[in-house]
Structure formats: structure tokens, C-alpha cells
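Here are my notes for you on this one. Have the viewer open while you read, and go point by point.

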Amino acid sequence: MENPSPTGWIEVITGVMFSGKSEELIRRVRRAVLARKRVQVFKSHLDARYGGIQVVSTHDGGRVQAEPVQASVEVMERVRPETEVVAVDEVQFLDPGIVDVANVLADRGMRVILAGTDMDFRGQPFGPIPQLLAVAERIDKLTAICVVCGSPATRNQRLVNGVPAPAEGPTIQVGGLETYEARCRECHEVPSAARAQIRLLE
Ligand code: ADP
Ligand code: ZN
């Protein structure tokens, strides 16, 4: 890609789960490495017990090593002065401080690549993503394929025991038993808790 700025800048890769955000992040990281840039990759992780090196992996098996972080301040602390490209995956789980961190790093001349899903399972904007989209120089919003009808998918469908999960559930369920599907607006379902209960009994 052409440099959108002669100094540093922010790129956001967003969209529904399974849309290829991690694939695209890995692709950009690999190309930056080929260009002999000094690259650091981070991945937000919600589980405090998780330590050491982690990988950014895609739904079809691609992977690259990443440092796990739980808070935006950790990105700030771990970025080395000589780093030229900073990539962060699963950025929707980070605190709002990531907006300032991304701006500070871009102001220092770094290329900042952030990937994260833009909506929660209810279809509401997710975490710091709206603010990041506002300050980014470049945004790519990717779509997946709706598993119900085959149209372009934009929504994250949460399923619990195989049926659409109620709107009242928590936005983030650490270690939950829920699964996710990519769906289009038409096929996306967010029932009320009472309605979801009836679906389970059907
Ligand atoms: P994301 O980071 O956006 O969750 P990944 O990069 O991890 O996405 O995975 C993208 C890959 O997932 C696709 O290249 C494809 O092989 C696979 N995939 C599985 N389900 C779907 C789907 N419903 N629509 C599109 N791709 C899918
Ligand atoms: Zn659909």
C-alpha cells in the first residue's frame, strides 16, 4: 500500500468475525518484515493467566508470533524505540486508552496496524473501535459469508447451545461455552431473554 502519510499513521482492519482481519494483519506484518522493517505484534488477551508468547492465528490456520497484552498501557511499555511497525490484533477487547497509544506511536513515526471486530453480538459498536476508526488514516471493513444465506456477512451471531443468545448476556464471556457465526443483517438474530428461553424449549 502507498504510505498515507510521510510520518506515522494508523490503519484499522475491521469487520465481522471470519472476515479475514487476522489474515490481513498477518499479510501486512509479513510484507513489513520482507521490507526489513522492525515489527512488533501484540494481541489483546482477556485471560490474566495467559503468559509468554502467543500467536495471531486465523480461522484457516495462518499464524504469526505475538506478545499478549491485557491493557493499552502494556503496548506503550513494550514498544521498543527502534520499532517501525506496531500491529495489534483483537483490539476490540482493549481499554479506551488504546486510542491515545495509537496516536502517540503514529506521532512518533510508527505505522500502527490495528485489527478488531466492530460490533458486539448485539450489533452495537464494540469497545474502542469507533474512536479508532475516527482517528485512523486508513480503514478496511471486511465482510465474511453469511452461514445462513450466503450473502456478505457483517454481524457477529452469538449462539448458546446452538440457538441465538439473548441481548441481555454480557458483551464478553471469558471462557464461555458460546459459539459465533458470521451472518448478514437479515439473518442476524438477537432475541430478548424470554424469547431465547422459548427457543431453547422448542
Ligand atoms: P477474522 O480475524 O476476521 O476473525 P480470520 O482471518 O481469522 O478472520 O479467518 C478468515 C478465514 O476464515 C477465511 O479465509 C476462511 O477460510 C475462514 N472462514 C470460516 N468461516 C467463514 C465465513 N462464514 N465467511 C468467510 N470466511 C470464513
Ligand atoms: Zn444471511
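The points below go through the sheet, two of its strands and the metal site.

1. First, a caution: what you are looking at is a predicted model. Keep that in mind as you click around.

2. Start with the sheet. Seven strands make it up, and it is an open one with mixed pairing. Going across, the order is S3-S4-S2-S5-S6-S1-S7. In general, strands in a sheet pair through backbone hydrogen bonds, and they can do so parallel or antiparallel.

3. Now the edges of that sheet, where you find strand S3 (54-57) and strand S7 (138-142). Each of them has a single partner strand, so one side of each is left without a neighbour in the sheet. If you look at how neighbouring strands sit, they are turned by 30 degrees against each other on average, ignoring direction.

4. Next, pick out strand S2, residues 39-44. Is this strand mostly covered or mostly exposed? Mostly covered: five of its six residues are buried.

5. Which strands does S2 pair with? On one hand there is strand S5 (residues 85-89), joined to S2 by five bridges and running parallel to it. Try finding Phe42, whose bridge partner in S5 is Val88. On the other hand there is strand S4 (residues 63-69), also parallel to S2, with three bridges between them. Here, look for Lys43, which has Pro68 as its bridge partner in S4.

6. Then hop over to Val12 in strand S1 (residues 9-15). Its relative accessibility is 0%, and the cut-off for buried is under 20%, so Val12 counts as buried. What is Val12 in contact with, leaving aside neighbours within four places in sequence? The list is Leu114, Leu132, Leu133, Ala136, Arg138, Ile139 and Asp140. Also check Ile113: this residue is 101 residues away from Val12 along the chain, yet their C-alpha atoms are separated by 6.0 Å.

7. Finally, the zinc ion (ligand 2). Four cysteines coordinate it through their SG atoms, namely Cys146, Cys149, Cys184 and Cys187, at 2.3 to 2.4 Å. Along the chain, these donors follow the spacing C-x2-C-x34-C-x2-C. Why call the arrangement tetrahedral? Because the four donor atoms subtend angles of 100 to 117 degrees around the zinc ion, and the cut-off asks for all angles to lie between 85 and 135 degrees.

8. One more thing about those cysteines: compare two of them for exposure. Cys146 is buried, with a relative accessible area of 3%, whereas Cys149 is partly exposed at 41% relative accessibility.

Methods: Residues are numbered from 1 along each chain as its sequence is written. Chains are lettered from A and ligands numbered from 1 in the order in which they are written. This is a predicted model: local features need pLDDT of at least 70, side-chain atom pairs count only at pLDDT 80 or more; totals for chains, interfaces and linings use all residues. Side-chain values use heavy atoms; hydrogens and water are left out. Buried means under 20% relative accessible area, exposed over 50%, partly exposed in between (1.4 Å probe, protein chains only). Helices (H or I, at least four residues) and strands (E, at least two) are DSSP runs, numbered from the N terminus. Two strands pair if DSSP finds at least two bridges between them. Donors are N, O and S atoms within 2.8 Å of the metal (3.2 Å for Na, K and Ca); water is not among the atoms, so sites may look incomplete. Four donors count as tetrahedral if all angles lie between 85 and 135 degrees; four count as square planar and six as octahedral if opposite donors are over 155 degrees apart and all others between 65 and 115; anything else is irregular. Contact means heavy atoms within 4.5 Å. Axes are lines fitted to C-alpha atoms, for helices over the stretch in contact, and angles run from 0 to 180 degrees between N-to-C directions.
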